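User: I'd like to learn how to read a protein fold from its strands, helices and hollows. Could you walk me through one?

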Amino acid sequence: MVCSALRRVAHMHVYLVRKASSVSKGHHHHQALGSRPAASEFAARRAPGSVVELLGKSYPQDNYSNLSQKVLSRVGRNLHNQQHHPLWLIKERVKEHFYKQYVGRFGTPMFSVYDDLSPVVTTWQNFDSLLIPPDHPSRKKGDNYYLNGNHMLRAHTSAHQWDLLHAGLDAFLVVGDVYRRDQIDFQHYPVFHQLEGVRLFSKHEVCVRKIHGNDKHQDQNTDYLVGEEKLFAGIKDGESLQLFEQSSRSAYKQETHTMEATKLIEFDLKQTLIRLVTHIFGDELDIRWVDCYFPFTHPSYEMEINFHGEWLEVLGCGVMEQQLVNSAGAQDRIGWAFGLGLERLAMILYDIPDIRLFWSEDERFLKQFRVSDINQKVKFQPLSKYPAVINDISFWLPSENYTENDFYDLVRTVGGDLVEKVDLIDKFEHPKTFHLSKPQDVAASFLDDVRTHKTSHCYRITYRHMERTLSQREVGHIHQAVQEAAVQLLGVEGRF
């Protein structure tokens with residue numbers, strides 16, 4: 001197995017270059033094929049000393065490297081900074097809201113905005129700075145894009161939290177492209193865009209008043225502390241209230257936070273986000289909060305909105321882990337953080353049905369968002385939906401080192417944006433059977449069965465061009481390239 005894997009490593013680069021070239025020559029309309037390997041476990045490895053050039057810097061390759069040409073081609077596109085792009089419109093609406101609603105003592109915006117930070121970060125920034133444990137599943141190669149063992153394409157804009165806090169900032173928004181290996185469907189793409197918000201408070205920076213819960217988005221009969229301008233000032237005995245204490249962690253607070261401070265931060269966070277989403281979607285909006293878990297906030301929540309009768313998760317948030325805040329040098333402060341996906345908001349707000357459309361350069365799509373006012377109502381008028389071409393692929397899995405995300409990334413690399421969806425429609429476990437009577441024969445049969453025991457996957461790949469009709473013949477060549485690449489690069493045994 002090791003020898004065969006090494007042979008695949010040695011030949012994979014030449015194979016995919018040749019395969020991509022042959023498919024491209026045969027179908028000049030299909031321009032989504034890369035000239036480098038797919039991002040399977042083996043495909044991104046290079047000879048010792050090889051490097052990848054990205055954004056003007058060189059990164060040496062190692063066994064962690066798993067970037068595909070398809071993903072590399074998206075780095076630097078920065079859709080969120082392209083004027084009149086729907087993601088730019090969402091970003092600008094959020095910026096405008098925060099600039100107008102939150103003003104410092106000198107009339108300047110309280111929140112600073114960073115929308116051009118490099119997507120290349122260290123693994124420490126992406127994981128360790130956010131208290132993500134070394135064995136946490138979110139670190140897996142199968143879920144991330146690594147340049148090497150030390151550098152990666154950020155999986156979330158939270159990767160910049162620690163650095164900005166350490167620089168002394170206490171209220172900021174970060175917007176950028178993020179990268180994750182994932183399934184293939186109309187809601188998932190290996191590159192998407194996030195907007196992150198962080199705000200810290202000291203004891204004297206927010207005033208509070210205790211009220212009874214009377215907001216339709218909050219639980220009834222509950223006391224809350226409402227943040228406005230000065231913490232614990234303006235209320236009776238406010239100076240005796242504290243941010244910190246040493247106690248035990250519970251579902252409602254961290255061990256270092258007082259209950260009063262936690263409730264204050266929680267309420268300020270939720271009210272901030274309620275104002276934001278009602279600014280974007282309008283006042284007639286049903287909202288609910290769902291308890292959840294993030295390694296870098298506690299307590300943590302997801303906001304869901306009821307849109308056309310369906311509850312949709314639109315963002316995650318929570319009270320920042322004090323250990324993170326302390327390590328960045330803000331020991332006297334307590335804060336909240338949230339993160340939302342720009343594509344998710346844009347798909348809901350503008351009724352965009354497929355995430356691939358955000359990467360379209362079709363003028364029929366782009367011109368719909370060239371508006372004079374960023375708050376102007378826009379409803380996407382669908383382009384003609386061309387028919388899908390569906391092909392199945394079945395294969396026996398290798399005995400080890402296979403993940404579904406490896407296959408999805410390979411399909412993305414070979415098929416590009418012609419691939420609308422990939423569904424795992426069948427799994428088959430080869431049955432174990434024994435028909436021998438002698439003990440030694442049964443033992444030998446068992447060992448042989450262990451060696452030959454197989455699992456089969458069958459995937460249904462839906463191909464659809466966003467701008468024209470695909471022929472079965474054209475798709476057939478692409479699908480054959482997927483089959484051959486899966487055998488060569490993932491070590492599967494084809495059933496086609």
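User: Let's start with strand partners: which residue of β16 stands opposite Ile-393?

Analyst: In β16, Tyr-459 stands opposite Ile-393. This is a predicted model, so to speak: local features need pLDDT of at least 70, side-chain atom pairs count only at pLDDT 80 or more, and totals for chains, interfaces and linings use all residues. Residues are numbered from 1 along each chain as its sequence is written, and side-chain values use heavy atoms, with hydrogens and water left out.

User: How do I read pairing, and how many bridges join β14 to β16?

Analyst: Two strands pair if DSSP finds at least two bridges between them. Strands here are DSSP runs of E with at least two residues, while helices are runs of H or I with at least four, and both are numbered from the N terminus. Strand β14 (residues 389-396) has eight bridges to β16, and the two run antiparallel. On β15 (residues 419-429), nine bridges to β16 give another antiparallel pairing. One place to look is Phe-428, which stands opposite Ser-456 in β16.

User: And is β16 mostly covered or mostly open?

Analyst: Mostly covered: in β16 (residues 455-463), eight of nine residues are buried. Buried means under 20% relative accessible area, exposed means over 50% and partly exposed is in between, using a 1.4 Å probe on protein chains only. Across the protein, 53% of the 496 residues are buried.

User: What is the strand order of the sheet that holds β16?

Analyst: Read across, the order is β15-β16-β14-β17, an open sheet of four strands with antiparallel pairing. β15 and β17 (493-494) are the edges, each with a single partner strand, so one side of each has no neighbour in the sheet. The β14 to β17 link has two bridges and is antiparallel; there, Trp-396 has Glu-493 as its bridge partner. Helix α10 (residues 404-415) packs on this sheet, touching β14, β15 and β16, and its direction makes about 145° with that of β15. Helix α12 (residues 472-490) lies across β14, β16 and β17, at about 20° to β14. Contact here means heavy atoms within 4.5 Å. As for the angles, axes are lines fitted to C-alpha atoms, for helices over the stretch in contact, and values run from 0 to 180 degrees between N-to-C directions.

User: There's another sheet too. What is its order?

Analyst: Seven strands go β3-β6-β7-β13-β12-β11-β10, again as an open sheet, but with mixed pairing. Its edge strands are β3 (112-114) and β10 (287-294), and each pairs on one side only. Neighbouring strands are turned by 25° against each other on average, direction ignored. Zoom in on β3 and you'll find three bridges to β6 (residues 171-179), running parallel, with Val-113 opposite Leu-173. Helix α3 (residues 86-101) lies across β3, β6, β7 (191-201) and β13 (334-341), at about 165° to β6.

User: How do I look for empty space, and what is the volume of the largest pocket?

Analyst: Rolling a probe the size of a water molecule over the atoms shows where empty space is left. On a 1 Å grid over the protein atoms alone, a cavity is a set of points where a 1.4 Å probe fits but cannot get out; a pocket is an open set with protein on both sides within 12 Å along at least five of seven lines, and lining residues have an atom within 4 Å of a point. Points are joined across faces, edges and corners, and volume is the space filled by probe spheres set on them. The largest pocket comes to about 1100 Å³.

User: Which residues lie nearest its centre?

Analyst: Of the 41 lining residues, Ala-155, Arg-180, Phe-192, Gln-194 and Glu-313 lie nearest the centre of the largest pocket. The largest share of that lining, six residues, comes from β12. By class there are 17 nonpolar, 15 polar and nine charged residues. Ala, Val, Leu, Ile, Met, Phe, Trp, Tyr, Cys and Pro count as nonpolar, Asp, Glu, Lys and Arg as charged, and the others, Gly among them, as polar.

User: And how many cavities are there?

Analyst: Two, counting those of 30 Å³ or more. The second largest cavity holds about 40 Å³, and its lining includes Tyr-145, Arg-181, Asp-182 and Arg-412. That lining has four nonpolar, one polar and five charged residues.
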